[in-house]
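User: Please take a close look at the ligand surroundings of this model, and add a note on one helix for context.

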Amino acid sequence: MMDKRALRARLRAIRDAAAPVSMVVPAAFAVRLSPGLIVASYVAMGGEVDPTPLARAAADAGCRLALPHVVDRPTPIRFLAAGGTLVEGPFGLRQPGVDAAELAPDIILTPLVGFDRRGNRLGQGAGHYDRAFAAYPAAWRVGIAHAVQELPLLIPDPWDIPLHAILTEQEWIVP
Ligand SMILES: Nc1nc2c(c(=O)[nH]1)N(C=O)[C@@H](CNc1ccc(C(=O)N[C@@H](CCC(=O)O)C(=O)O)cc1)CN2
Ligand SMILES: Nc1ncnc2c1ncn2[C@@H]1O[C@H](COP(=O)(O)OP(=O)(O)OP(=O)(O)O)[C@@H](O)[C@H]1O
């Protein structure tokens, strides 16, 4: 059994030591966008990769943007309409106010702590995206990370739902 906590600590350190990268929107992402689709992005914190180029491409294509709204570790995240004033949330996050409209995402962009080429993912360990993926099984799941966050193999837990694609500053990976 892999020690996920130790792995997470190591990968966060690797991620936070990496030079900031700016993402180029892959054609394979752009072709998926169409007016009215709901794209859940995130507000990067710490050493996370900034998904703004993808969010902007989505908005330019007429998609509606949502952002995760976090209450605490045990409470499932909800995706709320972006565009209003962001407020401070737990874990140092910036997020929509609790009164923003809840949206059901068609595409979910998720920041990764670690990943492998099969689409297995290591996140923050609160199960927020695991549960969001289970709640929206039809959504297209796109992970975003620095290339150095790749692992040779991550053994998935029974509840893990794999990513459809992973974007790094070097590659668009489709498992
Ligand atoms: N930018 C961003 N937004 C996000 C997430 C995320 O990982 N990144 N989430 C992902 O689920 C959800 C929020 N859940 C979270 C759950 C736990 C921790 C957490 O334990 N943070 C650590 C520091 C983490 C780090 O350095 O990466 C802490 O507060 O000690 C953060 C977010 C939704 N929004
Ligand atoms: N569909 C679900 N419903 C309820 N709890 C879940 C579900 N999926 C996962 N969990 C719980 O959430 C926690 C997730 O831990 P895990 O180490 O897999 O997180 P992770 O891979 O870092 O992903 P995440 O980004 O979702 O935190 C586990 O305790 C697990 O039991």
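Analyst: The ligand shells are described below, followed by the helix.

The model is predicted, with local features needing pLDDT of at least 70 and side-chain atom pairs counting only at pLDDT 80 or more, whereas totals for chains, interfaces and linings use all residues. Residues are numbered from 1 along each chain as its sequence is written, while chains are lettered from A and ligands numbered from 1 in the order in which they are written.

Ligand 2 is surrounded by 15 residues (C-beta atom, placed from the backbone, within 6 Å), of which G123, G127, D130, A134 and W159 come nearest. Helix 4 (128–135) and strand 8 (121–122) each provide at least two residues of this shell (DSSP runs, H or I of at least four residues for helices and E of at least two for strands), and helix 4 gives the most, namely five. By class, the shell around ligand 2 divides into five nonpolar, five polar and five charged residues. Around ligand 1 there are 18 residues, the closest being P68, F91, Q124, A126 and H128, and that shell holds twelve nonpolar, four polar and two charged residues. In both tallies Gly counts as polar.

Turning to helix 3 (residues 52–60), L54, A55 and A58 are buried (20 or more other C-beta atoms within 10 Å of their own). These residues cover an arc of only 100° around the axis (taken from the directions from the helix axis to the C-beta atoms), which puts them on the same side of helix 3. The buried residues of helix 3 pack against helix 2 (27–30), strand 1 (38–40), strand 2 (64–69) and strand 6 (107–111), with contact taken as C-beta atoms within 7 Å. Just after helix 3, G62 takes a positive phi of about 90°.

Key: A residue is buried if 20 or more other C-beta atoms lie within 10 Å of its own, exposed if 12 or fewer, and partly exposed in between; C-beta atoms are placed from the backbone. Two residues are in contact if their C-beta atoms, placed from the backbone, lie within 7 Å.
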